[in-house]
Amino acid sequence: MSKPLVAIVGRPNVGKSTFFNRIAKKRTAIVEDTPGVTRDRLFEDAEWLNYKFTMIDTGGIEPVSEDIILKQMKQQAELAIEAADVVLFFVDAKDGVVSADYEVADMLRRSDKKVILVVNKVESSKDEEMVYDFYVLGIGDLFAISASQGLGLGDLLDAVVESFDPASELEDEDDIMRVALVGKPNVGKSSLANKILGHNRCIVSDIPGTTRDAIDTPFKRDGRDYIIIDTAGMRKKGKVGDANIERYSVIRSLAAVRRADVVIVLIDANLGITEQDVKIAGYVHEEGKPVIIAVNKWDAIEKDTFTIEEYNNSIKTSLSFMTYAPRLYISAKTGQRIDKLFMLIDEVYSNATRRISTGLLNDCVRDAIEVTPPPSDKGRRLKIFYATQVSTMPPTFVLFVNDPALMHFSYKRYLENYLRKTFDFSGTAIRILLRERSEKQ
Ligand code: GDP
Ligand code: GDP
């Protein structure tokens, strides 16, 4: 279900935001079925020729000095390479090729990601002549556009959607389970990865943002193959502002989530659930990945008999869109409940890949309708003729109905809950889609 990610990189003022805003779909203020999660400006959904994709603006750079700009451009590029399916490298026809462009071009070329060079602000014949200079950057696919005047955008977007790899959706058909550890800096991702792997592979430190990279490490446990995706901390702070650190760590987490079969969202027991946790969990929910909420550092807090219940309630309230996720209280330090964590990993994965036979599914829907009949509007009642499961990860059901407009959000919720009562879908989102059918069909 993951939409392709398109990252936009380039110097300040080359017109990235102008492009971004032009292409982005008008956003609904709050993701419809994700109460409480407001989308970051970081990601925008876009659509072209029926292709849906998500754009990441890796920007947010304050033009301070050439040095810093270069450093930050490199970080952007790195991140874009790591996270995105397609990278749009923006340059400015009015400025011509500048030195920072070479270094970034170098990094992008060495990656095996699809890179498209976008020469922006091409509005006159003089600008058009400039375009040829940019071939020196050695990036083959070059498009001349004017973001502000809307010139050349169609050709560019054609190239973008053409480069989406239809096979990439299928690539992990192997038996290896990819488990992503996500959460804000210092929540214990590296510690948990180390505990699981049983040796000190990464350097753990108290300093948020110490240099570490997202690493995929394969391992075996009880005869099963896993890969752990540890999104680790961000690069050393240096001169990059806090806002960037957070932005980068969010993008990184999303990239890890997209590659994962199961996601573990870590919460710091010392801090309780924070806004950033909600944001990260929101992304996991939107990606529809099987998920476990692991409250880490359980060893570090004082507990009584009510403590777990208090945490449970606060998580259920803050992550009300994700009440399906099992919660587990762990310690990466002592290893408490790591065995249980692995049982849950296998469990949520099998729930997310569960296929319900059409017969059983329709029995369940019929029961649900009998218990609580569908809503009606101005004398017309919603009729559900038939249900079928169309995909897994997350389990997605199509209901054929007389008129999708008659479906209420609350009734959809009711059906979802009924499905959950009947079949075990703990740890996974469920999607219910509606298709119109006439009574005769
Ligand atoms: P960003 O820093 O890369 O996100 O750049 P912005 O989108 O903020 O644009 C920087 C400046 O360039 C603004 O003043 C824009 O109005 C201007 N700009 C953006 N796109 C174009 C374009 O296609 N042509 C011209 N002439 N100016 C543009
Ligand atoms: P990351 O930034 O999410 O990778 O977090 P780290 O694994 O680097 O951990 C940050 C800090 O929290 C380190 O000082 C760890 O020793 C500490 N820490 C991690 N897990 C636990 C835990 O389960 N209990 C306690 N008490 N401390 C932990």
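These legends walk through a set of close-up views of a predicted model.

**View 1. The whole protein chain, before we zoom in, has twelve helices and 17 strands.** Of its 441 residues, 52% are buried. Among contacts in the chain with a separation of 6 or more, 73% are between residues 24 or more positions apart. Keep that last value in mind, as several of the views below bring together residues from separate elements.

**View 2. Helix α1 (residues 16–23) meets helix α5 (residues 153–162).** The two axes come within 13 Å and cross at roughly 80°. Crossing angles of 65 to 115 degrees count as roughly perpendicular, so α1 is roughly perpendicular to α5. On the α1 side, the contact is made by Phe 19, Arg 22 and Ile 23. Leu 153, Leu 156 and Leu 157 are the residues that α5 brings to it. Sorted by type, the contact residues are five nonpolar and one charged, with no polar residue among them.

**View 3. Phe 19 of helix α1 pairs with Phe 90 of strand β4 (residues 86–92).** The model holds 15 aromatic pairs, and here is one of them. The ring centres are 5.1 Å apart and the planes stand at 55°, so this pair is tilted. It links distant parts of the chain, with the two residues 71 positions apart. Both partners are worth a look for their surroundings too. Phe 19 has 1% relative accessibility and counts as buried, and Phe 90, at 0%, is buried as well. Phe 19 is also one of the α1 residues in the contact with α5, which ties this view to the one before.

**View 4. Trp 298 and Tyr 311 form an edge-to-face pair.** Their ring centres lie 5.0 Å apart, and since planes over 60 degrees apart count as edge-to-face, the 80° between these two rings puts the pair in that class. Trp 298 is in the loop between β11 (291–296) and α9 (307–318), while Tyr 311 belongs to helix α9 itself. Along the chain, the two residues are 13 positions apart. Trp 298 is buried at 3% relative accessibility, and Tyr 311 is buried with a relative accessible area of 16%.

**View 5. Ser 331 sits in the loop between β12 (327–329) and α10 (338–352).** Its relative accessibility is 0%, so Ser 331 counts as buried. Beyond its neighbours within four places in sequence, Ser 331 is in contact with Asn 296, Lys 297, Trp 298, Asp 299, Gln 336 and Ile 338. You will recognise Trp 298 from the edge-to-face pair with Tyr 311. The C-alpha atoms of Ser 331 and Asp 299 are separated by 5.9 Å, although these residues are 32 apart along the chain.

**View 6. Lys 184 lies in the loop between β7 (177–182) and α6 (189–197).** This lysine is buried, with a relative accessible area of 8%. Setting aside residues up to four places away in sequence, Lys 184 touches Lys 189, Leu 271, Gly 272, Thr 274, Gln 276, Asp 277 and Ile 280.

**View 7. Further ring arrangements include a cluster of Tyr 51, Phe 53 and Phe 164.** Ring pairs are what link these three residues. A separate close-up shows a charge and a ring: Arg 221 lies over the face of Phe 342, at 4.1 Å from the ring centre.

Key. Residues numbered from 1 in each chain as written. Chains lettered and ligands numbered in written order. Predicted model: local features only at pLDDT ≥ 70, side-chain atom pairs only at ≥ 80, totals over all residues. Heavy atoms only, no water. Axes fitted to C-alpha atoms, helices over the stretch in contact; angles between N-to-C directions. Helix = DSSP H or I, 4+ residues; strand = E, 2+ residues; numbered from the N terminus. Parallel < 35°, antiparallel > 145°, perpendicular 65-115°, else oblique. Contact = heavy atoms within 4.5 Å. Nonpolar A, V, L, I, M, F, W, Y, C, P; charged D, E, K, R; others polar. Phe/Tyr/Trp six-rings, centres within 6.5 Å; stacked < 30°, edge-to-face > 60°. Buried < 20%, exposed > 50% of the residue type's maximum accessible area, 1.4 Å probe, protein only. Lys NZ or Arg CZ within 6 Å of the ring centre and 35° of its normal.
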